[in-house]
Amino acid sequence: MTVLAPEVEEFLKGAHVAALATLRGNGRPHVTPVWYDFDGREFTVSTFRDTQKAKNVARKGFAALTVFSNEFPYRQVTVEGMAKVGGPIDNVWRERVAMRYLGEAAGRAYVRESFELDVIAIRIRPVKWHIEGFE
């Protein structure tokens, strides 16, 4: 397991949009913006069950994720790792992540208005890290 510097751990707790990269069946890349959560061991992103990214992960079992800042000083954390499609994501998790990105009121409203959607997890266990912009 990789030991991260405290400033990198703090950065990953932020509300940064990440780019999730997976491989299509024909080998071409598929990159999508995602919200993420990191528990210290693996990254979790949510998606609808029938998305291209879920199909790609189920087929290939691999993904890369880049978390980056949009403001100077630019920083990024990129991981490559084993990925798997998990089961349904509960609304407690969805609400916690939505509040991180949208604020408390908007995050709760987002989940309340979309609680019936079929949302599943993609879990990425990093095997390779690339970190830039941190001291």
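Contact here means heavy atoms within 4.5 Å of each other. With that in hand: the buried residues of helix H4 pack against helix H3 (91-102). A heads-up before going on: what you're looking at is a predicted model. The chain has four helices and seven strands, and the seven strands form an open sheet with antiparallel pairing.

**Overall build**

- Going along the sequence, the pattern reads α-β-β-β-β-α-β-β-α-α-β.
- The radius of gyration is 15 Å, which agrees with the value near 14 Å for a compact globule of 135 residues.
- The C-alpha trace covers about 45 × 40 × 25 Å along its principal axes.
- Of the 135 residues, 40% are buried.
- Take the contacts between residues at least 6 apart in sequence: 70% of them link residues at least 24 apart.

**Surface and charge**

- The chain's accessible surface is about 8000 Å², and carbon and sulfur atoms account for 53% of that area.
- There are 19 positive and 17 negative charges, and their mean positions sit 8 Å apart.

**The sheet, strand by strand**

- What order do the strands take in the open sheet? Walk across and you get S2-S1-S5-S6-S7-S4-S3.
- The edges are S2 (29-34) and S3, each of which pairs on one side only.
- In general, strands of a sheet pair through backbone hydrogen bonds, in a parallel or an antiparallel sense.
- S1 (residues 18-23) and S5 (residues 62-68) are an antiparallel pair with four bridges, and Ala21 faces Ala64 of S5 there.
- S5 also runs antiparallel to S6 (residues 76-88), this time with seven bridges; Leu65 has Val79 of S6 as its bridge partner.
- S7 (residues 119-132) is joined to S4 by six bridges, again antiparallel.
- Two of the partners across S4 and S7 are worth picking out: Phe43 is matched with Ile124 in S7, and Phe48 with Val119 in S7.

**The S3-S4 hairpin**

- How many bridges join S3 to S4? Two of them link S3 (residues 37-38) to S4 (residues 43-48), and the strands run antiparallel.
- Phe38 is bridged to Phe43 in S4, so you meet Phe43 twice in this sheet, given that its bridge partner in S7 is Ile124 (side chains in a regular strand alternate between the two faces of the sheet).
- Four residues lie between the two strands of the hairpin, and Gly40 takes a positive phi near 100°.

**Helix H4**

- Which residues of H4 (residues 104-113) are buried? Gly107, Ala109 and Val111 are.
- The rule of thumb for an α-helix is 3.6 residues a turn, so residues three or four places apart point the same way.
- As said at the top, H3 (91-102) is what the buried residues of H4 pack against.

**Three residues to click on**

- Arg28 is in the loop between S1 and S2.
- Is Arg28 buried or exposed? Its relative accessibility is 56%, so Arg28 counts as exposed, the cut-off being over 50%.
- Beyond its neighbours within four places in sequence, Arg28 makes contact with Thr22 and Leu23.
- Arg28 and Arg112 are 84 residues apart along the chain, with 36 Å between their C-alpha atoms.
- Phe62 belongs to strand S5 and is partly exposed, because its relative accessible area is 32%, a value between the limits of 20% and 50%.
- Which residues does Phe62 contact, leaving aside neighbours within four places in sequence? They are Thr22, Val57, Glu80, Gly81 and Ala83.
- From Phe62 to Ala106 the C-alpha separation is 33 Å, and the two are 44 residues apart along the chain.
- Glu71 sits in the loop between S5 and S6.
- With a relative accessible area of 47%, Glu71 is partly exposed as well.
- Glu71 and Ala58 are 13 residues apart in sequence, yet their C-alpha atoms are 34 Å apart in space.

Terms used. Residues are numbered from 1 along each chain as its sequence is written. This is a predicted model: local features need pLDDT of at least 70, side-chain atom pairs count only at pLDDT 80 or more; totals for chains, interfaces and linings use all residues. Side-chain values use heavy atoms; hydrogens and water are left out. Two strands pair if DSSP finds at least two bridges between them. The radius of gyration is taken over C-alpha atoms; the globule rule is 2.2 Å times the number of residues to the power 0.38. Buried means under 20% relative accessible area, exposed over 50%, partly exposed in between (1.4 Å probe, protein chains only). Accessible areas come from the Shrake-Rupley method with a 1.4 Å probe; for residues, only the protein chains shown count as cover. Lys and Arg count as positive and Asp and Glu as negative; His and the chain ends are not counted. The place of a charge is taken as NZ of Lys, CZ of Arg, CG of Asp or CD of Glu.
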